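Biologist: Hello! I am new to reading protein models, and I would like to learn how the words we use for them are earned. Could we go through one together?

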Amino acid sequence: IWIIHNCGNVIWHGRKLVLKNADKIYPKVSDKEIVIPDINPGGYKKITTIFEARSIEGIYESEWEMQDSEGNACFTANKDFNVTIKVFYRVDMEE
């Protein structure tokens, strides 16, 4: 779940988050593009997607870019939208 905050002065209309490295990470994402509902300046919206770990341990970073309706990057530094995924197995020793 992301909570997106428009802290600027422009209404966000027709924007989306686009997964940039889908073919380079093992956890698979249910949506490679996530539509962002319109957000007025100062407003907040929640958006979600599902990550499937695929049974491969490790630490992965899914790289997301916010794009406008024409596919242009909205920000020069999109790292704020990235998600770090830590996949590990916990073995309970108790019987």
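Modeller: Gladly! Let's begin with salt bridges: this is a predicted model, and the count in it comes to 2 salt bridges.

Biologist: What makes K16 and E33 a salt bridge?

Modeller: The rule asks for a side-chain nitrogen of Lys or Arg within 4 Å of a carboxyl oxygen of Asp or Glu. The side chains of K16 and E33 meet at 3.5 Å, N to O, so the pair passes the 4 Å cut-off. K16 sits in strand 2 (residues 15-19) and E33 in strand 4 (residues 33-36), so this bridge ties together parts that are 17 residues apart in sequence.

Biologist: And why can such side chains pair at all?

Modeller: Side chains of opposite charge can pair when their charged atoms come close.

Biologist: How do you know that K20 and E65 form a salt bridge?

Modeller: The closest N and O atoms of K20 and E65 are 3.5 Å apart, and the cut-off is 4 Å, so they qualify. K20 belongs to the loop between strand 2 and strand 3 (28-29), while E65 is part of strand 8 (residues 64-67), so the pair ties together parts that are 45 residues apart in sequence.

Biologist: Why is E65 called buried?

Modeller: Buried means under 20% relative accessible area. E65 has 16%, so the word buried fits.

Biologist: Then is E33 buried, partly exposed or exposed, and why?

Modeller: Partly exposed is the range between the 20% and 50% cut-offs. E33 has a relative accessible area of 49%, so E33 is partly exposed.

Biologist: What about A22, buried or exposed?

Modeller: A22, in the loop between strand 2 and strand 3, has 15% relative accessibility and so counts as buried. The C-alpha atoms of A22 and E33 are separated by 11 Å, and these residues are 11 apart along the chain.

Biologist: Why is T76 called exposed?

Modeller: Exposed means over 50%, and T76 has a relative accessible area of 90%, so T76 is exposed. You will find T76 in the loop between strand 8 and strand 9 (83-87). From T76 to F51 it is 25 Å in space, C-alpha to C-alpha, and 25 residues in sequence.

Biologist: What class does K45 fall into, and why?

Modeller: K45 lies in strand 5 (residues 44-47). Its relative accessibility is 33%, so K45 counts as partly exposed. The C-alpha atoms of K45 and I3 are separated by 5.7 Å, with their positions 42 residues apart along the chain.

Biologist: And how do you know that E57 is partly exposed?

Modeller: E57 has 48% relative accessibility, so that label applies to E57 as well. E57 is in the loop between strand 6 (51-52) and strand 7 (58-62). In space, E57 and I85 are 9.9 Å apart, C-alpha to C-alpha, and in sequence they are 28 residues apart.

Biologist: I3 came up a moment ago. What makes I1, I3 and Y44 a patch?

Modeller: Patch residues need over 30% relative accessible area and no salt bridge, and nonpolar side chains such as Ile and Tyr are joined within 5 Å. I1, found in the segment before strand 1, has 76%, so I1 is exposed. Together I1, I3 and Y44 form a nonpolar surface patch with about 400 Å² of accessible area.

Biologist: Lastly, which residues lie nearest the centre of the largest pocket?

Modeller: Those are H5, C7, W12, F75 and F81, out of 15 lining residues. The pocket holds about 260 Å³ of space. Strand 1 (residues 2-5) gives the largest share of the lining, 4 residues. By class, the lining has 9 nonpolar, 4 polar and 2 charged residues.

Note on methods:
Residues numbered from 1 in each chain as written. Predicted model: local features only at pLDDT ≥ 70, side-chain atom pairs only at ≥ 80, totals over all residues. Heavy atoms only, no water. 1 Å grid on protein atoms, 1.4 Å probe; cavity = no way out; pocket = protein on both sides within 12 Å on 5 of 7 lines; lining within 4 Å. Points joined across faces, edges and corners; volume = space filled by probe spheres on them. Helix = DSSP H or I, 4+ residues; strand = E, 2+ residues; numbered from the N terminus. Nonpolar A, V, L, I, M, F, W, Y, C, P; charged D, E, K, R; others polar. Patch = residues over 30% accessible without salt bridge, like charges linked within 9 Å, V, L, I, M, F, W, Y side chains within 5 Å. Areas by Shrake-Rupley, 256 points an atom, 1.4 Å probe, with all protein chains shown as cover. Buried < 20%, exposed > 50% of the residue type's maximum accessible area, 1.4 Å probe, protein only.
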